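Okay, thanks for squeezing me in. I'll put the structure up, and then we can walk through it together.

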Amino acid sequence: MGEDTIIRTTDRQRTYALHREQVLPQFAFELHVLAGEPRQILEILIANGVDDSLRDEHVVGAHQHTAIHAVATAQVPELRGHMRVTVGAPVVPVSGGFTGRQAMLLHDLGPQVLVSTPSYALVIAQAVHDAGIDPAALRLELGLFGGEPWTEGLREEIERALPGLRAVNFYGLSEMCGPGVAAECVEVRDGLHVHEDHFLVEVVDPVSGAPLDEGTEGELVFTTLRKEAMPLLRYRTGDIASVVVEPCRCGRTTARIRGLRGRRDDVIIVRGVNVYPSNVEHALLSVPEAGPHYQLVVERAGLMDELTVQCEPAGPEVDHGRLRADVEHVLREHLGIRVRVDVFEHGTVPRSEGKAVRVVHRG
Ligand SMILES: [Zn+2]
């Protein structure tokens, strides 16, 4: 056990000595139960510039529970060589929660890749700030964020909160392999490249099930091509998006998923208008004074669903009355309906430590 196999830091009065070979084995049991396809997440990492040039210096901070499994699966014995040779980046599986500790690990271990849900990345960024750590001094370069739909506005918020990090969207299903079904390329970020050597993707009409043309929005359907023991044939995901097959400007030629809006059952019907939480996020984040945290409260009033958007100001100095009026205005412009807006005190809209709870049903 040579010194070069130890990650050691004594910064901030704490000492870590994580033996690289020992970071993951405790997860082996869960990995065998999961029996997913580990290669796709490796391919995402490699496609996004995580390679063996990062060996010995860099740590992947994996925060999302499923992502931890997927990244860690590379330590299954038959793939261990692949992980070491091709990626070489040690993984620190932290999972959700203890957000102050996440900030501490980001500071002390200096990982370059953060894997989490996009909403939790913002919570971690706030914890970094609260711990008195300069986020620009972190070594983060790449954020792999997925597990919930998110918008360009949220991407900008994350990149502003964690300077130096480039945020990339990934997609997966726990029924198939967890994260790793598709991911944006870090260069262009225009649609999520599907790993077509493992998955066949189709888009169908969510009601009739009929296949739809390229570029038309519908429900994503996947067939696994290499999965053993539990293959899936034309599995209906419930996720709404479109697929294009023209080559990406990055040079890759795979099909790409665009416009991931969320699940079919996430849709809220307000006075006959279909509203996805991501539609609200898109509108909300076009208001500079609005913070990136929000919840949609749906209440049944008679036969109709009534929607209230709960949001908060980006900073304590913002005037609540003006923010409410501005948000009501953009929501009416984007959604075509009037929606009630409640402005909470800065920092009081509930945060998540995993997937954000965007919709709350009452009554
Ligand atoms: Zn691309």
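So, straight to the right-handed β-α-β unit, which is made by β17, helix α9 (residues 320-335) and β18. Bear in mind as we go that this is a predicted model. Four bridges link β17 to β18, residues 340-343, and that pair runs parallel. If you want to find the register on screen, look for Thr-308 opposite Arg-340 in β18, and then Gln-310 opposite Asp-342 in β18. The helix of the unit, α9, lies across β16, β17 and β18, and its direction is at about 150° to β18.

Now, what sits on the other side of the story for β17? That would be β16: strand β16 (residues 290-301) and strand β17 (residues 304-313) are antiparallel, with nine bridges joining them. One of those pairings to click on is Leu-296, whose bridge partner in β17 is Val-309. The two strands make a hairpin with two residues between them, and if you check the turn, Gly-302 has a positive phi of about 70°.

Put the strands together and you get an open sheet of four, in the order β18-β17-β16-β19, with mixed pairing. The edges are β18 and β19 (359-362), each of which pairs on one side only. From one strand to the next, the twist averages 25°.

Let's stay with Val-309 for a moment. Which residues does Val-309 contact, leaving aside its neighbours within four places in sequence? The list is Val-280, Tyr-294, Leu-296, Val-327, Leu-331, Val-339 and Val-341. Val-309 also turns up in the largest nonpolar core, which has 65 residues; Ile-257, Leu-284, Val-309 and Val-327 are the ones touching the most other members. Helix α6 (residues 118-130) gives this core its largest share, seven residues. And the core takes at least three residues from each of domain 1 (3-190) and domain 2 (267-362).

Leu-284 from that core list brings me to helix α8. Why call α8 largely enclosed by the rest of the structure? Because seven of its eight residues, in the stretch 277-284, are buried. Those are Pro-277, Ser-278, Asn-279, Val-280, Glu-281, Ala-283 and Leu-284. So you'll notice Val-280 there again, which was one of the contacts of Val-309.

For the opposite case, go to Gly-251, in the loop between β12 (235-244) and β13 (256-263). Buried or exposed, what does Gly-251 count as? Exposed, because Gly-251 has 9 C-beta neighbours inside 10 Å, and the cut-off for exposed is 12 or fewer. Its C-alpha atom is 9.8 Å from that of Val-188, with the two positions 63 residues apart along the chain counted as their separation.

Last, the whole-chain numbers. The protein chain has nine helices and 19 strands. Of its 363 residues, 42% are buried. And if you take the contacts with a separation of 6 or more, 66% of them are between residues 24 or more positions apart.

That's my tour, happy to rotate things if anyone wants another look.

Key:
Residues numbered from 1 in each chain as written. Predicted model: local features only at pLDDT ≥ 70, side-chain atom pairs only at ≥ 80, totals over all residues. Buried ≥ 20, exposed ≤ 12 C-beta atoms within 10 Å, placed from the backbone. Contact = placed C-beta atoms within 7 Å. Pairing = 2+ DSSP bridges. Right-handed = clockwise from strand over helix to strand, strands pointing away. Core = buried A, V, L, I, M, F, W, Y, C linked by C-beta atoms within 7 Å. Domains from an automatic or database assignment. Axes fitted to C-alpha atoms, helices over the stretch in contact; angles between N-to-C directions.
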